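Work through the exercises below with the structure open. Try each task before reading its solution.

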Amino acid sequence: MKSNQFTTNDFRALGRPDPTLPSRIAADADRCVMCGYCLPHCPTFALTRDEAESPRGRIGLALGLVQGRLEPTAELAGHFERCLGCRACERSCPSQVPYGRLLAEVREHLAATRGTGLLPHLAAGAVTAAATRKLLAGGLRVLGPRATQALAPGRTLRAAAGGLPPLRPVHPRGHYPANGTERGRVALFVGCTGEWLDAETLRAAIRLLNRFGLAVSVPSRQGCCGAMHTGLGDGERARRMAAANIEAFADVDTTVTFASGCAAALADYADRGDEGAQFASRLRDISEVLAAFWPEELELHPLNEAVVLHTPCTLRLTGGQAAPRALLERIPSLPILPLPGEQCCGGAGAYPFTQPAIAAQLREPALAFLRDSGARFLATSNIGCALHLRAGIRQAGLNVEVLHPAVLLARQLA
């Protein structure tokens, strides 16, 4: 397989190489006993049957790299670039190898020693920087998703732009009081994309939490979770983002997330000292919170349209995979069809940009199931998966709306 098509040697991560990275990589890699239990769970190994495209193979390459037996060539870096970071291997590992952390360490080491692709970093900056977000949101609001897709340069960007939702940005900040008697207080993590790429979910989250008796605060100093930067090897910037978010949510008891990709990245703050561990311990997924505070008197309109339920890899990581289905089961007459299997859909962060062919191949089983199911809705709890799946649905000409389970619930409020 070809290496990341955007990889160059002329763009380097900020800062100097961390001298402790090799020893940390070696320590995490040494926990692997090379048993191979991870192999059946790895999407790239399933596609290629190449040991170097498996978790076990990548761990061996990482050890060879930090021990000086292997050079940081483009070929070696490509094996780590093609890893989705779904961490299905981590959930199945009997030795509890922290593969997600190991992958981030190797990518940071490679970015600092040999450079990495320019375009993915520009894309990450455009998504996560406030000024460029406002500029893009304004342009997209005027042009609309279809025109934006037509104007996007290059086949890869045009395909990815096909997943853009109707853009009705919202910019919530401050305090939103509970409806009626207050039953609790929560803070809402919006991140860098929620306001303009997942605005309907954001509105639904605040509306439902208030309706369920919860006062909602939206801290103004919060920002990007750092997931895209970690995936691109920019560990220094990701750590700065983590520190800012830990400080922004320091005085809250419960932090609610509605994007499982962000939630998984925020949960990894537990590795960043006591304050990070405390922050991570206060995280809750929106579906879990709504289920816990469900009002007995709440009535919902029935819905006779089938919904296919997609469970993101990151939701499995945080342990909240059962909550969205439990939430949707509250809607009367709603047929719920779970997607078969647990394979990653390919919408992992910047992956549809850096590895478009593999991302499309991994998405195809979901599209085939949707095509045969006749379902009207696809519910998913992660914005990256939603964008990737929506792009494929539009390309395939399917009449399926992609939305968050909370949005479907909010629409059915009586």
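The model is predicted.

**Exercise 1. Two helix pairs**

Task: Decide how helices H3 and H6 are oriented to each other: roughly parallel, roughly perpendicular, oblique or roughly antiparallel. Then do the task again for H1 and H6.

Solution:
- H3 and H6 come out as oblique to each other. H3 covers residues 55-66 and H6 covers residues 99-114. The two pack at an angle of about 45°, with axes 11 Å apart. Angles under 35 degrees would count as roughly parallel, and 65 to 115 as roughly perpendicular.
- Next, the handedness: H3 and H6 cross in a left-handed way.
- Now the residues. On the H3 side, Pro55, Arg58, Ile59, Ala62 and Leu65 make the contacts. On the H6 side, their partners are Tyr99, Leu102, Val106, His109 and Leu110.
- Turn to H1, residues 21-29. Its axis and that of H6 come within 10 Å and cross at roughly 150°. The cut-off for roughly antiparallel is over 145 degrees, so H1 and H6 are roughly antiparallel.
- This crossing of H1 and H6 is left-handed.
- H1 brings Leu21, Pro22, Arg24, Ile25, Asp28 and Ala29 to the meeting. H6 answers with Arg101, Leu102, Glu105, Val106, Glu108 and His109.

**Exercise 2. A helix with a bend**

Task: Check the length of H20, then find where H20 bends and what covers its buried residues.

Solution:
- H20 runs over residues 356-373, which makes 18 residues. At 1.5 Å a residue, the expected span is 26 Å. The end C-alpha atoms are 26 Å apart, so the two values agree.
- The bend is at Glu364 and amounts to about 35°. A proline, Pro365, follows within four residues.
- Buried residues of H20 are Ile358, Ala359, Leu362, Arg363, Ala366, Leu367 and Leu370.
- Their cover includes helices H2 (43-48), H19 (351-354) and H21 (383-396). Strands E6 (307-309) and E8 (377-379) are also part of it.
- After H20 comes Gly374, with a positive phi near 75°.

**Exercise 3. An enclosed helix**

Task: Explain why H14 is described as largely enclosed by the rest of the structure.

Solution:
- Count first. H14, residues 260-267, has eight residues, and seven of them are buried, so the helix is largely enclosed.
- Name them: Ser260, Gly261, Cys262, Ala263, Ala264, Ala265 and Leu266.
- Look at the cover. Among the elements are helices H12 (227-231), H13, H15 (273-281) and H17 (313-317). Strands E4 and E5 (283-285) belong to it too.

**Exercise 4. Three loop residues**

Task: Is Val252 buried or exposed? Do the same for Gln96 and Ser333.

Solution:
- Val252 sits in the loop between helix H13 (235-248) and strand E4 (255-257). Its relative accessibility is 17%, and the limit for buried is under 20%, so Val252 counts as buried.
- Beyond neighbours within four places in sequence, Val252 touches Ala187 and Arg282. Leu188 is 64 residues away from Val252 in sequence, yet their C-alpha atoms are 10.0 Å apart.
- Gln96 is in the loop between helix H5 (88-92) and H6. With a relative accessible area of 60%, Gln96 is exposed. Its phi is positive, about 55°, although Gln96 is not a glycine.
- Ser333 lies in the loop between helix H18 (323-328) and strand E7 (336-338). At 47%, Ser333 is partly exposed. Its phi is also positive, near 70°, in a residue other than glycine.

Key
Residues numbered from 1 in each chain as written. Predicted model: local features only at pLDDT ≥ 70, side-chain atom pairs only at ≥ 80, totals over all residues. Heavy atoms only, no water. Expected span 1.5 Å × (residues − 1). Bend = angle between axes of the 7 residues up to and from the residue. Buried < 20%, exposed > 50% of the residue type's maximum accessible area, 1.4 Å probe, protein only. Contact = heavy atoms within 4.5 Å. Axes fitted to C-alpha atoms, helices over the stretch in contact; angles between N-to-C directions. Left-handed = near helix turned anticlockwise from the far one by under 90°.
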